[in-house]
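Here are some short exercises to work through with the sequence and the model side by side. Try each task yourself before reading the solution below it.

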Amino acid sequence: MRFYSHEARMALFAVTALIVAVAVTKVHFLNFGEPLDQVLEVGIGSLLISLISQAYLDGEEPVKYFLSWFWAFFVSEFFLGYTPFFPYHLGLLTYVASPLLYAIVGSAITSLVRLNRVKQETHGLPSLQMWSATVVYVSFFLLSHFFKLDRLADEVIPFFLFSYLLSFFAVGKEYGTSFNLSLIGLLATAGFLTGDAILKTGLILPVLVLGIALLYYGVTMRVVVVYTKRELQVEL
């Protein structure tokens, strides 16, 4: 069994980013006026946890830092109700626009602080997997909220968390095909959603949606990896 320790440490960084995202809405120590105060407070928080990350995180991965910061502010706003200053009301899109804005600030500082790790190798999963998961999951939560299906979204969250934790592990031969255990969470989530939909809409539509979803994941999520003796990763 393989353990993606780098991804586990990246998850730890995301948790610290979430703490900052919540803290900047509760603790204010600057008095220049908004939005400058909020941006600077995010910057200071990012600087602090980025310096701490030097002790446990390898490499320089700006894309993963950006996504970690985005999820930190998205979870803070959408699920926890801690909303930082944002000058525009864009309806449901505010839950995307505001986290994107603050993720730019946080990830830029993180990337600058970690420039000394550019040449350091990492052995983590490709950033494309995080991008794909972000698009799918954020779309699911927003659409569920738009169509007033928050109950369904709440029921699926444990499946998503379970799948995320399993993504730190893979089974297979040392040199050969390796299967990321997030497949278990994926199939459990798909099965739950399909069963729920069958009870409400019949069989044909859910099966079609399930097939398309599995095809999409198979193409984009890179859950099957082939390791060669030269450590070349052939991702499927």
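The exercises go from the overall fold to pairs of helices and then to single residues, and the model used throughout is a predicted one.

**Exercise 1. The overall fold**

Task: Find how many helices and strands there are in the protein, and in which order they run.

Solution: Start with the count, which comes to eight helices and five strands. Next, follow the chain from the N terminus; the elements run β-α-α-α-α-α-α-β-β-α-α-β-β. Then look at burial: the protein has 236 residues, and 42% of them count as buried. Finally, take the contacts between residues at least 6 apart in sequence; 72% of these join residues at least 24 apart.

**Exercise 2. Helix 1 against helix 2**

Task: Decide whether helix 1 is roughly parallel or roughly antiparallel to helix 2.

Solution: Begin with the geometry. The axes of the two helices come within 10 Å and cross at roughly 155°. Angles over 145 degrees count as roughly antiparallel, so helix 1 is roughly antiparallel to helix 2. The crossing itself is right-handed. Now list who takes part: helix 1 brings Phe13, Thr16, Ala17, Val20 and Val24, while helix 2 brings Gln38, Glu41, Val42, Gly45, Ser46, Ile49 and Ser53. Sorted by class, this contact has six nonpolar, five polar and one charged residues.

**Exercise 3. A closer look at helix 2**

Task: Compare the reach of helix 2 with the expected one, and find which of its residues are buried.

Solution: Helix 2 has 18 residues, and from its first C-alpha to its last it reaches 25 Å. At 1.5 Å a residue, 26 Å would be expected, so the reach is close to that value. For the second part, the buried residues of helix 2 are Asp37, Gln38, Glu41, Val42, Gly43, Gly45, Ser46, Ile49, Ser50 and Ser53. Their cover includes helix 1, helix 3 and helix 4.

**Exercise 4. Helix 3 against helix 5**

Task: Work out how helix 3 and helix 5 are packed.

Solution: Helix 3 covers residues 62-79 and helix 5 residues 127-146; their axes are 10 Å apart, at an angle of about 15°. Since angles under 35 degrees count as roughly parallel, helix 3 is roughly parallel to helix 5. Helix 3 passes helix 5 in a left-handed crossing. Among the residues that meet are Phe66, Phe70, Trp71 and Phe74 in helix 3, and Met130, Trp131, Tyr137 and Phe141 in helix 5. In total, the contact residues divide into 14 nonpolar, four polar and one charged.

**Exercise 5. Three single residues**

Task (a): Is Gln54 buried or exposed?

Solution: Locate Gln54 in the loop between helix 2 and helix 3. Its relative accessibility is 18%. Buried means under 20%, so Gln54 counts as buried. Leaving out residues up to four places away in sequence, Gln54 touches Val113, Arg114, Asn116 and Arg117.

Task (b): Which form does the peptide bond from Glu34 to Pro35 take?

Solution: Pro35 is in the loop between helix 1 and helix 2. The omega of the bond from Glu34 to Pro35 is near 5°, and the bond is cis. For background, most peptide bonds are trans.

Task (c): Find how far Leu183 is from Ser167 in space.

Solution: Leu183 lies in helix 7, residues 182-201. Ser167 is 16 residues apart from Leu183 in sequence, and the two are 8.1 Å apart, C-alpha to C-alpha. With 25% relative accessibility, Leu183 counts as partly exposed.

Methods
Residues are numbered from 1 along each chain as its sequence is written. This is a predicted model: local features need pLDDT of at least 70, side-chain atom pairs count only at pLDDT 80 or more; totals for chains, interfaces and linings use all residues. Side-chain values use heavy atoms; hydrogens and water are left out. Axes are lines fitted to C-alpha atoms, for helices over the stretch in contact, and angles run from 0 to 180 degrees between N-to-C directions. Helices (H or I, at least four residues) and strands (E, at least two) are DSSP runs, numbered from the N terminus. Angles under 35 degrees count as roughly parallel, over 145 as roughly antiparallel, 65 to 115 as roughly perpendicular and the rest as oblique. A crossing is left-handed if the near helix is turned anticlockwise from the far one by less than a right angle, and right-handed if clockwise. Contact means heavy atoms within 4.5 Å. Ala, Val, Leu, Ile, Met, Phe, Trp, Tyr, Cys and Pro count as nonpolar, Asp, Glu, Lys and Arg as charged, and the others, Gly among them, as polar. Buried means under 20% relative accessible area, exposed over 50%, partly exposed in between (1.4 Å probe, protein chains only).
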